[in-house]
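The following exercises concern the secondary structure, sheet and pocket of one model. Each task is followed by a solution in steps.

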Amino acid sequence: MKKIGVLTSGGDAPGMNAAIRAVVRTAVYKGMQVYGIRRGFNGLINGEIDYMDVKSVGEILHRGGTILNTARSEQFKTEEGMKKAINVLKVFGIEGLVVIGGDGSFRGAYDLSQRGIPTVGIPGTIDNDIPCTELTIGFDTAVNTVLEAISKIRDTVASHERTNIIEVMGRHAGDIAIYTGLAGGAEGIIIPEMPLDIDNLCKRIIQGRHRGKTSSIIILAEGAGKAVELERIIEEKTGMETRATVLGYIQRGGCPTAADIILASRMGYHAVELLEKNIGNRVVCIRGNKIMDEDIKEALSMPRTFNKELYDLAQVLSI
Ligand code: F6P
């Protein structure tokens, strides 16, 4: 394979630029031509495609977001949209594609592969909710962004002797909440994967107070509820002044951590290696610190598990 394309799709994530850079530079190193496709699958349909060389990806390693922009594409889900996309690839002579994004993006990658365009997915999302891989690009950076916020919020809850319930992203997954709750020493973690026992949570807050813990931090995954709703309930049940913080989109930006840059670089390199051998319909993943790849359909059908060991550990250490 001599001519490939790369695009980013779905919610952006810190480290996506490192993955783009790895795809472009690995392709150039292997004597391939590489094209950047703007605005995800929408841009593919509209032919928003630029030739890329090593300079195109200079000075982007430290930048969050994606230089190719991203978008969610309803049109691509239609047969007409798919046909337009395939036609554009043929016009540009692009023989294979790297799609950096989440599970929704991989469905598009699967559809293209089924229609004869070898496509490789790279898991780029802060949610860490792709079952075939232990880590997704952006997750580590988002965790560290939340930790910085927890540290700042801990100052004010200590001053006011309050409880603060911090709502974090993750869509339907609780990984950001589990990792930040454990690393941030939160007194409670609420995730969609575990039923919420609000009475037990409030009892732990009150017991903590009796042991001299005059302030508490609760981490709530957005898939398990709304901080502003739980704020009132917790205040009523504990008698402690309670405030809610919704961290929102700061979790999607910022300079990627070294861990995310290295993960993205390894995954980008592996994706191009696959396409070079005309291998498509794969998702690049990491397990046991080894970079590997899975059939896209397999990857999309794997059951999602969550890290119960970390969740249970956080429960113990926050007594
Ligand atoms: O998938 C990444 C993510 O940030 C989720 O954690 C969040 O729920 C969602 O995207 C927000 O989507 P949008 O950027 O379309 O508002």
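Two strands count as paired if DSSP finds at least two bridges between them. The model is predicted.

**Exercise 1.** Determine which residue of β8 is the bridge partner of Ile-190, and over how many bridges β7 and β8 pair.

*Solution.* Step 1: β7 and β8 pair in the parallel sense, over three bridges. Step 2: the partner of Ile-190 in β8 is Leu-220. Step 3: Leu-220 in β8 also has Glu-167 standing opposite. Step 4: β6 and β8 are likewise joined in the parallel sense, over six bridges.

**Exercise 2.** Establish the strand order of the open sheet and identify its edges.

*Solution.* Step 1: the four strands follow the order β7-β8-β6-β9, with parallel pairing. Step 2: β7 (188–190) and β9 each have a single partner strand and stand at the edges, so one side of each lacks a neighbour in the sheet. Step 3: from one strand to the next, the twist averages 20°. Step 4: α6 packs on this sheet, with contacts to β6, β7 and β8, and its direction makes about 175° with that of β7. Step 5: helix α8 (residues 227–238) also packs on the sheet, where it touches β6, β7, β8 and β9; the direction of α8 makes about 165° with that of β9.

**Exercise 3.** State how the side chains of β8 are directed and whether they are buried or exposed.

*Solution.* Step 1: in a regular strand, side chains alternate between the two faces of the sheet. Step 2: in β8, Ser-216, Ile-218 and Leu-220 point one way, while Ile-217, Ile-219 and Ala-221 point the other way. Step 3: buried means under 20% relative accessible area, and six of the six residues of β8 are buried.

**Exercise 4.** Compare the span of helix α5 with its expected value and find what its buried residues pack against.

*Solution.* Step 1: α5 (residues 139–160) has 22 residues and reaches 31 Å from first to last C-alpha, close to the 32 Å expected at 1.5 Å a residue. Step 2: its buried residues include Phe-139, Val-146, Ile-150 and Val-157. Step 3: the buried residues of α5 pack against β6 (163–168), α6 (175–183), β8 (216–221), β9 (242–246) and α9 (258–276). Step 4: Glu-161 follows α5 and has a positive phi, near 50°.

**Exercise 5.** Describe the largest pocket and the main source of its lining.

*Solution.* Step 1: the volume of the largest pocket is about 590 Å³. Step 2: 27 residues line this pocket, and Gly-10, Gly-11, Arg-72, Gly-104 and Arg-171 lie nearest its centre. Step 3: helix α4 (residues 103–114) contributes the largest share of the lining, six residues.

Conventions: Residues numbered from 1 in each chain as written. Predicted model: local features only at pLDDT ≥ 70, side-chain atom pairs only at ≥ 80, totals over all residues. Heavy atoms only, no water. Helix = DSSP H or I, 4+ residues; strand = E, 2+ residues; numbered from the N terminus. Expected span 1.5 Å × (residues − 1). Buried < 20%, exposed > 50% of the residue type's maximum accessible area, 1.4 Å probe, protein only. Contact = heavy atoms within 4.5 Å. Axes fitted to C-alpha atoms, helices over the stretch in contact; angles between N-to-C directions. 1 Å grid on protein atoms, 1.4 Å probe; cavity = no way out; pocket = protein on both sides within 12 Å on 5 of 7 lines; lining within 4 Å. Points joined across faces, edges and corners; volume = space filled by probe spheres on them.
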